[in-house]
Amino acid sequence: MAKQYVFNLKKPHQFFALGFGLGLAKKAPGTFGTFAALPFIFATQGAPIWLQCLVAIAMTLFGIWVCGKTAGDVNVHDHPAIVWDEVAGFYITMIGAALSWQSLIVGFILFRFFDILKPGPIRWLDKRLHGGSGIMLDDVLAGIFSLICVQALFKTGILV
């Protein structure tokens with residue numbers, strides 16, 4: 001029988017770490033949690049790149065704290081319900097992108113691909129870092145890989 005963990009969305013750090021509750025989805029919590037990035041993406045879509053990068057850095061630093069604290073609350077490193085790392089990773093993916101349904105879907109698929117498969121340096125980070133940094137930084141790197149791919153698709157004209 002799987003152990004049940006008790007989360008409390010009334011605790012602000014857990015509310016954010018759990019992607020506003022989306023991480024509590026019974027199936028594919030990381031996928032559902034990724035959608036919590038959408039308000040941030042839409043809110044900053046017209047902002048200068050430097051501001052979008054600053055938001056990404058703030059989301060990452062904040063995420064290191066809330067994810068680490070929430071993991072400590074349940075004594076499980078990177079519990080599947082902890083999804084702020086996906087929120088930050090997908091936000092990073094979409095920095096500087098011309099937003100459309102097509103670009104959002106492509107960015108989402110690319111981010112989930114890199115996040116789930118964890119190729120090369122992403123897997124290396126995932127295995128070597130612990131605490132809030134360990135939860136966050138592999139997804140940040142997955143977001144950077146996805147950002148590069150999305151921007152390459154724009155440059156080649158595949159995404160418009």
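Guide: Buried means under 20% relative accessible area, exposed means over 50%, and partly exposed lies in between, all with a 1.4 Å probe and protein chains only. The structure above is a predicted model, in which local features need pLDDT of at least 70 and side-chain atom pairs count only at pLDDT 80 or more, while totals for chains, interfaces and linings use all residues. Residues are numbered from 1 along each chain as its sequence is written, and side-chain values use heavy atoms, with hydrogens and water left out.

Visitor: Are D115 and K118 buried or exposed?

Guide: D115 has a relative accessible area of 4%, and K118 has one of 14%. Each of these values is under the 20% limit, so D115 and K118 both count as buried.

Visitor: How many salt bridges does a search of the whole structure find?

Guide: A salt bridge here is a side-chain nitrogen of Lys or Arg within 4 Å of a carboxyl oxygen of Asp or Glu. One of those found joins D115 to K118, with N and O 3.3 Å apart. Over the whole structure, the number of salt bridges is 4.

Visitor: Which residues do the salt bridges that share partners join into one network?

Guide: D115 meets K118 in one salt bridge at 3.3 Å, N to O, and it meets R112 in another at 2.5 Å. Salt bridges with shared partners build one network, whose members are E86, R112, D115, K118 and D138.

Visitor: How many residues apart in sequence are the parts that E86 and R112 tie together?

Guide: E86 forms a salt bridge with R112, and their closest N and O atoms are 3.9 Å apart. A helix is a DSSP run of H or I with at least four residues, numbered from the N terminus. Both residues count as buried, E86 at 8% relative accessibility and R112 at 12%. Because E86 lies in helix α5 (residues 84-93) and R112 in helix α6 (residues 101-117), the pair links parts whose separation in sequence is 26 residues.

Visitor: In which helix do D115 and R112 both lie?

Guide: An α-helix has 3.6 residues a turn, so residues three or four places apart point the same way. D115 and R112 are 3 residues apart, about one turn of the helix, and both lie in helix α6.

Visitor: How many of the residues of α5 are buried?

Guide: The helix that holds E86 is mostly covered, and its buried residues include W84, F90, Y91 and I92. These buried residues pack against α1 (12-17), α2, α3 (38-43), α4 (49-74), α6 and α8. In α5, the number of buried residues is 10 of 10.

Visitor: Is α7 roughly parallel or antiparallel to α8?

Guide: Axes are lines fitted to C-alpha atoms, for helices over the stretch in contact, and the angles between N-to-C directions run from 0 to 180 degrees. Helix α7 (residues 121-128) packs with helix α8 (residues 131-155) at an angle of about 170°, and their axes are 8 Å apart. Because angles under 35 degrees count as roughly parallel, over 145 as roughly antiparallel, 65 to 115 as roughly perpendicular and the rest as oblique, α7 is, relative to α8, roughly antiparallel.

Visitor: Which residues in α7 meet residues in α8?

Guide: Contact means heavy atoms within 4.5 Å. On the α8 side the partners are G134, L137, D138, L141, A142 and F145, and they are met from α7 by P121, I122, L125 and D126.

Visitor: What is the relative accessible area of I122?

Guide: I122 is found in helix α7, and, leaving out residues up to four places away in sequence, it touches F114, D138, L141, A142 and F145. Its C-alpha atom is 8.4 Å from that of L137, which is 15 residues away along the chain. I122 is buried, and its relative accessible area is 0%.

Visitor: In which loop is K118 found, given that it has a positive phi?

Guide: The phi of K118 is about 50°, a positive value although the residue is not a glycine. K118 is also a member of the salt-bridge network, and its place is the loop between α6 and α7.

Visitor: What is the phi of F20?

Guide: F20 is placed in the loop between α1 and α2, where it is partly exposed, with a relative accessible area of 29%. Although F20 is not a glycine, its phi is positive, at about 65°.

Definitions and conventions. Helix = DSSP H or I, 4+ residues; strand = E, 2+ residues; numbered from the N terminus.
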